[in-house]
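Q: Please take a close look at one part of this structure. Start from aromatic packing and follow the links outward from there.

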Amino acid sequence: MSDRPEIRDGEEVLGFDPEASATAKVAFIGRIRSPWTDRQSCPRNISAARESGQGARIELEPGYAAGLAGLEPGRHLMAIYWMDRARRDLIVQNPRHTDAPRGTFALRSPNRPNPLAMSAVTIRALDLQSGVIEIDAIDCLDGTPLVDLKPWLPGIDMPDGQSPV
């Protein structure tokens, strides 16, 4: 895949392709429509996406719109998406914002054996008939496949009610 990020000094590649040993199937339930068309313009995280002031849209595949019943503008959602243009073979990465390489599982990088990403987003508008959700922001490229949506719930989505470290 020519669109994959380059290997940096200190990074380690797995000796196998995780995709080749897949044991589960995922059904994409929709696509995320964002203003970001290339890696250079795409924000590195949801905070940076919000700072840009640019919203986004989730478009569900036919048949999934009924799953939005009970949601309304102003509610928060956990959007879970498949970073389809990420590397899957990096087990140690050397991000530009850290002082040394780190294990993939200690990072929120999209490059991972199963390139799942998750962001807490806010519903700005909702069309229950067409299955379109306008959201405040997102940190992925336009057309990224959507795996799932879950309501964000205070007290449940913060471990023990504690502040993050």
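A: A residue is called buried under 20% relative accessible area, exposed over 50% and partly exposed in between, with a 1.4 Å probe and protein chains only. By this scale W82 is buried, because its relative accessible area is 15%. The model is predicted, so local features need pLDDT of at least 70 and side-chain atom pairs count only at pLDDT 80 or more, while totals for chains, interfaces and linings use all residues. Residues are numbered from 1 along each chain as its sequence is written, and side-chain values use heavy atoms, with hydrogens and water left out.

W82 belongs to the 1 aromatic pair found in a search of the whole structure. Its partner is F28: the ring centres are 6.3 Å apart and the planes stand at 50 degrees, so the pair is tilted. Rings of Phe, Tyr and Trp (its six-membered ring) pair if their centres lie within 6.5 Å; planes under 30 degrees apart count as stacked, over 60 as edge-to-face and the rest as tilted. F28 lies in the loop between strand 1 (12–13) and strand 2, and W82 lies in strand 4, 54 residues away, so that the pair links distant parts of the chain. Strands (E, at least two residues) and helices (H or I, at least four) are DSSP runs, numbered from the N terminus. F28 is partly exposed, with a relative accessible area of 32%.

W82 also has a neighbour in N114, in the loop between strand 6 and strand 7. The two are 32 residues apart in sequence and 8.1 Å apart in space, C-alpha to C-alpha. Beyond four places in sequence, N114 touches W82 and R88; contact means heavy atoms within 4.5 Å. The side chains of N114 and R88 make a polar contact at 3.1 Å, that is, a pair of N or O atoms within 3.5 Å; within protein, one must be able to donate a hydrogen and the other to accept it, and residues adjacent in sequence count only if both atoms are side-chain atoms. N114 is partly exposed, with a relative accessible area of 46%.

The loop between strand 6 (102–103) and strand 7 also holds T104, which is buried at a relative accessible area of 0%. A polar atom of the T104 side chain lies 2.8 Å from the backbone oxygen of L90. Contacts of T104 beyond four places in sequence include I91, V92, N111 and P113.

Back at strand 4, 5 bridges join this strand to strand 9, and the two run antiparallel; strands pair if DSSP finds at least two bridges between them. A79 has L149 of strand 9 as its bridge partner. Strand 9 is also joined to strand 2 (residues 30–33) by 3 bridges, again antiparallel, with G30 opposite L146.

L146 and L149 are among the residues with the most contacts inside the largest nonpolar core, which has 24 residues. Such a core is a set of buried Ala, Val, Leu, Ile, Met, Phe, Trp, Tyr and Cys residues joined through side-chain atoms within 4.5 Å. Strand 4 (76–82) and strand 9 (144–151) are among the elements that each supply at least two residues of this core. I133 touches L149, L77 and I58, among others.
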